[in-house]
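Q: I would like to learn how to read a model of a protein chain feature by feature. Could you take me through one, giving the general idea before the particular case?

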Amino acid sequence: MTRWDVLDFLARVLDHLPEPSQQLVRYWGWYSSAARGRRRRLQGESDTTPRRHTESGDEAQSRRLSWSQLIRKVYEIGPLLCTFCGAAMRIVAFIVERSSLRRILPHLDVYCQQPEPLAHSPPAGVGLLYAPA
């Protein structure tokens, strides 16, 4: 195994970093901008037309899954189903301010859960649980 000096190692690593605003990816052949432009001109499209899918809004809406359907698909659990009774829930509002949340939850008789304390050493003055031999 070869050992390098720190400065030599840094010089070798920095050789792989590109210069600022240096182009890293170059497309050749079929994927190059010139080839794509030629294909568009041959197909009769102008360079200024936007290249977007031409499907109606209903088709796109039916194919697009909502976030709850995606979560259900991945985790096999419905995020909008009540864990107690199984009824469908709906999102009423998003509360992002902590002060508002602290006022609303006690009003609903739902109190904020305190996070579990992080592991720490035993309190001072507590003896050992076992006697040394």
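The dialogue below takes up confidence, fold, burial, charge pairing, cysteines and the surface.

Q: What kind of model is this, and which residues and atoms count in the values?

A: This is a predicted model, in which local features need pLDDT of at least 70 and side-chain atom pairs count only at pLDDT 80 or more, while totals for chains, interfaces and linings use all residues. Residues are numbered from 1 along each chain as its sequence is written, and side-chain values use heavy atoms, with hydrogens and water left out.

Q: Where in the chain is confidence lowest, and where is it highest?

A: The quantity to read is pLDDT, the predictor's confidence in each residue, on a scale from 0 to 100. Where pLDDT is low, the predicted coordinates should not be read in detail. Here the mean pLDDT of the chain is 76, and 73% of the residues reach 70 or more. Confidence is lowest in helix α3 (residues 57-63), with a mean of 67, and highest in α2, with a mean of 87.

Q: How many helices and strands does the chain have?

A: Both are DSSP runs numbered from the N terminus, a helix being H or I over at least four residues and a strand being E over at least two. By that reading the chain has five helices and zero strands, and its pattern along the sequence is α-α-α-α-α.

Q: What share of the chain is buried, and which residues of helix α2 are buried?

A: Burial is read from relative accessible area: buried is under 20%, exposed is over 50%, and partly exposed lies in between (1.4 Å probe, protein chains only). Of the 133 residues in the chain, 7% are buried. In helix α2, which covers residues 33-43, the buried residues are Ala-35, Gly-37 and Arg-40. Arg-36, which also lies in helix α2, counts as partly exposed because its relative accessibility is 34%. Leaving aside residues up to four places away in sequence, Arg-36 touches Trp-30 and Tyr-31, where contact means heavy atoms within 4.5 Å. After α2 comes Gly-44, whose phi is positive, near 90°.

Q: How many contacts, as a percentage, join residues at least 24 apart in sequence?

A: Among contacts in the chain between residues at least 6 apart in sequence, the share is 3%. For a single pair, one can compare sequence and space directly: Gln-69 and Pro-79 are 10 residues apart in sequence, and their C-alpha atoms are 8.5 Å apart. Gln-69 is found in helix α4 (residues 67-75).

Q: Which residues form a salt bridge?

A: Side chains of opposite charge can pair when their charged atoms come close. The rule asks for a side-chain nitrogen of Lys or Arg within 4 Å of a carboxyl oxygen of Asp or Glu, and the count comes to one salt bridge. Asp-8 pairs with Arg-12, with the closest N and O atoms 3.6 Å apart; both lie in helix α1, four residues apart, about one turn of the helix. Asp-8 is partly exposed at 32% relative accessibility, and Arg-12 is partly exposed at 43%.

Q: Why is there no bond between the sulfur atoms of Cys-82 and Cys-85?

A: A disulfide is a covalent bond between the sulfur atoms of two cysteines, and the criterion is a pair of such atoms within 2.5 Å. The closest cysteine sulfur to that of Cys-82 is in Cys-85, and at 3.7 Å it is too far for a bond. A search of the whole structure finds zero disulfides. Cys-85 is exposed, with a relative accessible area of 59%.

Q: How much area does the chain expose?

A: Accessible areas come from the Shrake-Rupley method with a 1.4 Å probe, and for residues only the protein chains shown count as cover. The chain exposes about 13,800 Å², of which carbon and sulfur atoms supply 59%.
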